[in-house]
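Could you walk me through this structure, stop by stop? I have it open in my viewer and would like to know what to select next and what is there.

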Amino acid sequence: MIFPQVQAIPAGTKLAPDYTVKGLGKSRGEDALVYLVPNKQGGEPWKKRIRQSEWETAYQHLTNGGHITRAWFKQNIPDAYKDGPCTFRVMGEVLVSLGVARRIKENIGSKYIPVK
């Protein structure tokens, strides 16, 4: 399980490129990590959420030797993907910060691979 580690990330933690962890909340009746996305018009930042089950899906895929790409994310975590591409990036960067994944830049974007 990865969500206990996700829950321990302090509010205010910055994630690349320009996201901030707000803390814990709920989404569709589930515990979720809430993060902020800057508003390009200068208003209040957007609040986005990644549910516990979505974290566990990604973590299980990584621990079984899989890679997390935008295409995999879209197919396997579609509700989070609908919230925008930032959700893929935030999840990947959190997994990197927790030491379970490493980001690799590719021509088609980033992918996250397990740390061995």
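Helices and strands here are DSSP runs, with at least four residues for a helix and at least two for a strand, and they are numbered from the N terminus. Keep in mind throughout that this is a predicted model.

**The whole chain**

Start with a cartoon view. The protein chain has 5 helices and 7 strands, and reading along the sequence you meet them in the pattern α-β-β-β-β-α-β-α-α-α-β-β. Along the principal axes, the C-alpha atoms fill a box of roughly 40 × 30 × 25 Å. The radius of gyration is 13 Å, which agrees with the value near 13 Å that a compact globule of 116 residues would have.

Now switch on the surface. Its accessible area comes to about 6500 Å², and 50% of that belongs to carbon and sulfur atoms. Of the 116 residues, 43% count as buried. For contacts between residues at least 6 apart in sequence, 38% join residues at least 24 apart.

**First selection: I50**

Select I50, which sits in strand β4. Its relative accessibility is 0%, so I50 counts as buried. Show what surrounds I50: leaving aside neighbours within four places in sequence, its contacts are D31, A32, L33, Y35, W55, T87, V90 and M91. For a distance to try in the viewer, pick the C-alpha atoms of I50 and G25; they are 9.4 Å apart, with these positions 25 residues apart along the chain.

**Next: W55 and the core**

From I50, step to its contact W55. Beyond residues up to four places away in sequence, W55 touches I2, F3, V6, L33, I50, V90, M91, V94 and L95.

Which residues have the most contacts inside the largest nonpolar core? They are W55, I68, M91, V94 and L95, in a core of 29 residues. Colour by element and you will see that α1 (3–7), β2, β3, α2 (52–63), α3 and α5 each supply at least two residues of this core. Helix α5 gives the most, with 6 residues. As background, nonpolar side chains in soluble globular proteins tend to be buried together.

**The aromatic pairs**

Show the rings as sticks. There are 4 aromatic pairs to find. One of them joins Y19 and Y35: the centres are 6.1 Å apart and the planes make an angle of 75 degrees, an edge-to-face arrangement. Y19 belongs to strand β2 (residues 19–27) and Y35 to strand β3 (residues 30–37), so the pair links parts of the chain 16 residues apart. Both Y19 and Y35 are buried.

Move on to F73 and F88. Their ring centres are 5.7 Å apart and their planes stand at 65 degrees, so this pair is edge-to-face. F73 is in helix α3 (residues 70–76) and F88 in helix α5 (residues 85–97), so the pair ties together parts that are 15 residues apart in sequence. F73 and F88 are both buried. Add Y81 and Y112 to your selection: ring pairs link F73, Y81, F88 and Y112 into a cluster.

**On to A101**

Y112 is also one of the contacts of A101. A101 lies in strand β6 (residues 101–106), and with 4% relative accessibility it counts as buried. Outside the residues up to four places away, A101 touches L62, L95, V96, Y112, I113, P114 and V115. Between the C-alpha atoms of A101 and K116, 15 residues apart along the chain, the distance is 8.7 Å.

**Three loop stops**

Select N39 in the loop between β3 and β4 (46–51). Is N39 buried or exposed? Its relative accessibility is 18%, so N39 counts as buried; the cut-off for buried is under 20%. The N39 side chain reaches the backbone oxygen of E44 at 3.3 Å, and N39 touches E44, P45 and W46, not counting residues up to four places away in sequence.

Next, go to P17, in the loop between β1 (14–15) and β2. Look at the peptide bond from A16 to P17: it is cis, with omega near -5 degrees.

Finish at R28, in the loop between β2 and β3. R28 is not a glycine, yet its phi is positive, near 50 degrees. At 57% relative accessibility, R28 counts as exposed.

Technical notes. Residues are numbered from 1 along each chain as its sequence is written. This is a predicted model: local features need pLDDT of at least 70, side-chain atom pairs count only at pLDDT 80 or more; totals for chains, interfaces and linings use all residues. Side-chain values use heavy atoms; hydrogens and water are left out. Rings of Phe, Tyr and Trp (its six-membered ring) pair if their centres lie within 6.5 Å; planes under 30 degrees apart count as stacked, over 60 as edge-to-face and the rest as tilted. Buried means under 20% relative accessible area, exposed over 50%, partly exposed in between (1.4 Å probe, protein chains only). A polar contact is a pair of N or O atoms within 3.5 Å; within protein, one must be able to donate a hydrogen and the other to accept it, and residues adjacent in sequence count only if both atoms are side-chain atoms. Contact means heavy atoms within 4.5 Å. A nonpolar core is a set of buried Ala, Val, Leu, Ile, Met, Phe, Trp, Tyr and Cys residues joined through side-chain atoms within 4.5 Å. The radius of gyration is taken over C-alpha atoms; the globule rule is 2.2 Å times the number of residues to the power 0.38. Accessible areas come from the Shrake-Rupley method with a 1.4 Å probe; for residues, only the protein chains shown count as cover.
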